[in-house]
Amino acid sequence: MSTSFSETARMNQYKVCVIIPTYNNHNTLKRVIDSVLLCTSNIIIVNDGSTDSTAQILSTYPNLIQIHHPKNSGKGTALRNGFKKALELSYDYAITIDSDGQHFASDIPSFLNALETNPDALLIGSRNMVQENVPKKSSFGNKFSNFWFWFETGNKLEDTQSGFRLYPLQRIPVYYFTTKFEFEIEVIVRSAWKEISVKNIPIQVLYDPKERVSHFRPFKDFTRISILNTVLVIITLLYIKPRDFFRKLKKKGPKQFFLENVLHSEDSNICKASSIALGIFIGICPFWGFQTILVLFLAVLLKLNKVIAFAFSNISFPPFIPFVIYGSLKIGSYFVTNDKPLILSANMTFADIQKNITQYLVGSFILATFMALLFGLTSYLLFHLADNLKHKK
């Protein structure tokens, strides 16, 4: 079978191979391999424990690199073993293409074109999910996945589930939780967290109900994906968002950070002032251990500025804690009477602790509400004043 000289030269120039993971797709496998061979012979096929005639089909391609799993281990494992083999063979990039016949190898040059202008990016083929014969569950699953990818990375994509991709092998993360279908979600989220650009490029797609075989098990695999997204969201809220905030703060310095992310933010003054009020309220309220999760969740839910809300939630930063506690107890004392202040001694009783805690809780919510209104209104007036001064210049 003859291959395109120009595409072969480009594949070799950029050290690109094509990985074809396959499991019981004997109806379409040969057509997929032959179509890829028109572009390149840099092919690694991972037979993930197929029980149909896949092994016989692959025996007719003795010159292609092949990995055979003794039993089915999942698409994630197949891809990871393909990546490992590609690195051993000194490839820098791997294009993955599904063996169920839905992708067109004629789109490989589009990946190479995009690679030339985005050499560090992870590229995902974007399918037209509204065309004829696209299963509704695939369309819904893609929208579901796109939403969580955006929530976890802040990056909006049209298609996060396509298996037709180009991976920059030297840059993508090394360690993962998953080995099944959900690996393709984990790898793009972790890559985005590593500040690798993740982009879509348009591709063709064919959903032929007569010959396409999908091994996606709706309940089992959807449950796995949901569990993975739950874990990724927790990591996002507890580690990634705070990490990104402090990286920006360190890189720009507090003054520049305030000017760019608060004063000159493109959000409206009401949005910025509301974000400050939310951060102050959550920071003072006694949501110990959950303040970061709560402030980021509510900022997303209310479409506020997440960076500003998180920044001002740090009003409960250790040096300010004694003032917050004193203020809460003082205000609470006007609403919850207590004749016996809490003093650490052998005579202290559970009733004493209970009364002081009630006093503190009531006081902290009142203080949080008052301070949120004060900071929110004051900041709105200052933003408005700053806008007026800017327009007069």
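These questions and answers cover two helices, two buried or exposed positions and a surface patch in a predicted model.

Visitor: What should be known about the model and the numbering?
Guide: Local features need pLDDT of at least 70, side-chain atom pairs count only at pLDDT 80 or more, and totals for chains, interfaces and linings use all residues of this predicted model. Side-chain values use heavy atoms without hydrogens and water, and residues are numbered along each chain as its sequence is written, from 1.

Visitor: Is asparagine 229 buried or exposed?
Guide: Asparagine 229 sits in helix 8 (residues 218–252); helices are DSSP runs of H or I with at least four residues, numbered from the N terminus. Buried means under 20% relative accessible area, exposed over 50%, and partly exposed in between, with a 1.4 Å probe and protein chains only. Because its relative accessibility is 5%, asparagine 229 is buried.

Visitor: How are helix 8 and helix 11 oriented to each other?
Guide: The axes, lines fitted to C-alpha atoms over the stretch in contact, are 9 Å apart at an angle of about 75°; angles run from 0 to 180 degrees between N-to-C directions. Angles of 65 to 115 degrees count as roughly perpendicular. Helix 8 and helix 11 are therefore roughly perpendicular.

Visitor: Which residues does serine 364 contact, leaving aside neighbours within four places in sequence?
Guide: Serine 364 lies in helix 14 and is buried at 0% relative accessible area. Contact means heavy atoms within 4.5 Å. With those neighbours left aside, the residues are Ile284, Pro286 and Ser328.

Terms used: Helix = DSSP H or I, 4+ residues; strand = E, 2+ residues; numbered from the N terminus. Parallel < 35°, antiparallel > 145°, perpendicular 65-115°, else oblique.
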